[in-house]
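The following note collects several points on strand pairing, crossovers and burial for a colleague's consideration. Please read it alongside the coordinates.

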Amino acid sequence: MRLKLIIPGWSETSLWKNFIFRFPYLSVTTIAALCPYEWEVIIEDENVSPIKFDEDVDLVGITALTPLAPRAYEIAQKFRGKGVKVVIGGFHATWLPDEAIQFADSVIIGEAEGIWHQVLKDFVDNRLQPFYKNNGRVNLEGLKPARRELLNRKGYFFINTLQTTRGCPFNCDFCSVTAFYGHSYRMRPLKDIENELNMLSGGANFLFIVDDNIIGNPSYAKELFILLKRYPFKWLSQASITFAENNELLQLAKESGCYGMFIGFESLSQEALNKLNKRFNRAEKYAEFIKKIHDFGIGIQGSFIFGYDWDTPDTFNQVLEFVERTRLDSVLYTILTPYPGTRVFERMKSEGRLITKDWRLYDMAHAVFRPKNMQPEELEEHFLKANQRFYSFRSMLKRLPSIRRSIMVFGPMNWGFSRAWKNFKI
């Protein structure tokens with residue numbers, strides 16, 4: 001039996017179509033590892049190479065974030081038109097399964113581990129069900145190592161992605177992670193992590209740990225960092241700003257090869273952070289914490305969200321001044337995007353503020369709702385200018401000291417973002 005797992009390509013309207021600092025989705029390589037030996041698995045990422053629709057396959061599996069859902073549906077229809085069964089999963093299908101089933105033979109709701117074997121068995125027995133969902137949360141112990149050898153290595157900056165924990169202990173207003181995994185935080189056994197680390201290779205020894213908050217359990221993070229010290233990887237991950245409050249974790253992260261962290265700052269206003277249910281972020285400490293993390297040789301990609309009800313056109317300049325003054329290595333500015341399944345989506349919907357359900361525009365770079373203090377077009381215009389200024393050559397020279405070891409990561413990242421923003425038009 002032949003299974004084709006597909007990642008849909010970004011649309012021409014999206015910034016991410018032009019972004020070259022690319023790494024593969026761990027979900028497809030994880031699903032591939034769950035398949036019995038009698039299944040031949042093919043992985044195709046449309047962002048790397050065209051999909052081979054004429055290839056002889058028995059079953060197709062597609063995973064899609066919300067902005068990729070329309071393309072996922074187009075791909076599904078093409079294969080179904082050839083008589084091939086299609087299974088769709090991922091964040092968007094989980095939030096809107098009744099929509100997804102209109103374009104697929106089966107929809108996986110939530111995490112696929114624990115039910116994927118049943119999906120394949122039912123397919124072989126010709127009794128594929130319309131919906132599959134786990135009862136309870138997936139046990140992460142004993143997960144098979146992802147099948148990275150199935151990837152087209154030439155299409156990615158590096159292919160070594162790894163998950164050590166799943167979920168986040170916090171519950172932020174806008175977050176799609178909690179909407180998908182529930183308010184849970186689970187950790188893989190370190191012996192399983194060690195087994196997988198021993199199988200990794202390639203990518204100039206770079207490793208991206210895709211956890212949503214790698215320090216969600218500090219005692220586990222400590223043991224993980226001690227384990228990572230035994231390997232040559234230069235690694236990146238995501239953490240809350242509370243990372244800066246734990247000197248032991250900072251030192252261990254540095255010693256174990258941490259070159260950068262993605263950290264969600266979101267806003268410079270404490271009142272705003274409280275409303276986002278992100279009270280653990282202390283805005284008055286941001287500059288101090290950034291310097292502290294930098295002092296340990298760890299770069300930062302900060303995240304800021306524009307478009308909330310307290311934001312005005314002046315907010316953009318305030319944030320720009322702050323991120324340049326604190327010399328953040330990289331920034332992901334995003335327009336508030338009310339993803340289905342989140343509290344902010346339900347609020348915008350109930351207030352009648354959503355202006356489109358063209359999911360292609362739900363890419364964090366388009367205004368899909370009516371802001372309070374700006375017109376949607378004004379929000380997009382300020383957002384575009386802020387990104388173009390931050391990723392200008394002048395700003396990069398100011399922010400990126402060559403002596404910091406993280407320049408190995410954030411140099412190419414800044415170049416990639418600069419190139420993408422030059423080619424992007426809202």
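1. Strands β1 (residues 2–7) and β2 (residues 40–45) run parallel and are joined by six bridges. Within this pairing, isoleucine 6 has glutamate 44 of β2 as its bridge partner. The model is a predicted one, and the pairing should be read in that light.

2. The connection between these strands involves helix α1 (residues 26–33): β1, α1 and β2 together form a right-handed β-α-β unit.

3. Strand β2 is largely enclosed by the rest of the structure, because five of its six residues are buried, that is, they fall under 20% relative accessible area.

4. A second right-handed β-α-β unit is made by β3, helix α2 (residues 69–81) and β4. Strand β3 (residues 59–63) runs parallel to β4, with five bridges joining them. Isoleucine 62 is paired in this way with isoleucine 88 of β4.

5. Strand β4 also pairs with β5 (residues 106–109), again in parallel, through two bridges. Here isoleucine 88 stands opposite valine 107 of β5. Isoleucine 88 thus has a partner in isoleucine 62 and faces valine 107.

6. As for the burial of β4 (residues 85–89), four of its five residues are buried, so the strand is largely enclosed by the rest of the structure.

7. Helix α16 (residues 407–423) comprises 17 residues and reaches 24 Å from its first C-alpha to its last, close to the 24 Å expected at 1.5 Å a residue. Its buried residues include the aromatic side chains Phe410, Phe417 and Trp421, together with Asn414 and Ser418.

Terms used:
Residues are numbered from 1 along each chain as its sequence is written. This is a predicted model: local features need pLDDT of at least 70, side-chain atom pairs count only at pLDDT 80 or more; totals for chains, interfaces and linings use all residues. Side-chain values use heavy atoms; hydrogens and water are left out. Buried means under 20% relative accessible area, exposed over 50%, partly exposed in between (1.4 Å probe, protein chains only). Two strands pair if DSSP finds at least two bridges between them. A crossover is right-handed if, with the strands pointing away from the viewer, the path from the first strand over the helix to the second runs clockwise. The expected span of a helix is 1.5 Å times one less than its number of residues.
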